[in-house]
Amino acid sequence: MAKHADKSRAAAHSRPAHKIGPYPGGIGVAVWLNSIDTDDGPRQVRSITISPRRYRDSETGEWRDASSYRVGDLPALIFALQKAQEYVYTTPLAEENDEAGDERF
């Protein structure tokens, strides 16, 4: 269990492989590169996170994260997700390059 906790701490301090945004309201998407252990050894996989919408609390003046998005946020969300998908599809993982070689094209 300690090994898993160490990996979680390391991931919390790592940076995303690719960021899209932020757009108005703090909306953005990040593509993360994660390493998982499999029966065949370590393998790299990607995950996507969507940043929460940000707003300033009118009473305290502090910035807060919203748990929902407004209808006007949808174009930025869709655009950011499409860009993340494009990045994932056009940027192979290192192990994909090793396995496929030049025959992939």
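Accessible areas are taken here from the Shrake-Rupley method with a 1.4 Å probe. On this basis, the protein, which is described from a predicted model, exposes about 8200 Å², of which carbon and sulfur atoms supply 52%. Of the 105 residues of the protein, 15% count as buried, where buried denotes a relative accessible area under 20%. Among the contacts between residues at least 6 apart in sequence, 37% join residues that are at least 24 apart.

The secondary structure consists of three helices and five strands, and these elements follow one another along the sequence in the pattern α-β-β-β-β-β-α-α. The protein thus begins its pattern with a helix, continues through the run of strands, and ends with two helices.

Three of the strands are organised as an open sheet, in which the order is E1-E2-E3 and the pairing is antiparallel. Strand E1, spanning 18-23, and strand E3 stand at the edges of this sheet, and because each has a single partner strand, one side of each is left without a neighbour in the sheet. Neighbouring strands of the sheet are turned against each other by 20 degrees on average, when direction is ignored. In general, the strands of a sheet pair through backbone hydrogen bonds, in either a parallel or an antiparallel manner.

The pairing of E2 with E3 can be described in further detail. Strand E2, comprising residues 27-38, and strand E3, comprising residues 41-50, run antiparallel to each other and are joined over ten bridges. The two strands form a hairpin, with two residues lying between them. Beside this turn, Thr-38 has Gly-41 of E3 as its bridge partner, while, elsewhere in the pairing, Val-31 is matched by Ile-48 of E3.

Strand E1 carries a further backbone feature, in that Pro-22 is found within this strand and the peptide bond leading from Gly-21 to Pro-22 is cis, with an omega near 10 degrees. The cis peptide bond to Pro-22 therefore concerns a residue of a strand that stands at an edge of the sheet.

The sheet is also associated with a helix. Helix H2, formed by residues 74-90, lies across E1, E2 and E3, and its course makes an angle of about 35 degrees with E2. The three strands crossed by H2 are those that make up the open sheet.

Definitions and conventions:
Residues are numbered from 1 along each chain as its sequence is written. This is a predicted model: local features need pLDDT of at least 70, side-chain atom pairs count only at pLDDT 80 or more; totals for chains, interfaces and linings use all residues. Side-chain values use heavy atoms; hydrogens and water are left out. Helices (H or I, at least four residues) and strands (E, at least two) are DSSP runs, numbered from the N terminus. Buried means under 20% relative accessible area, exposed over 50%, partly exposed in between (1.4 Å probe, protein chains only). Contact means heavy atoms within 4.5 Å. Two strands pair if DSSP finds at least two bridges between them. Axes are lines fitted to C-alpha atoms, for helices over the stretch in contact, and angles run from 0 to 180 degrees between N-to-C directions.
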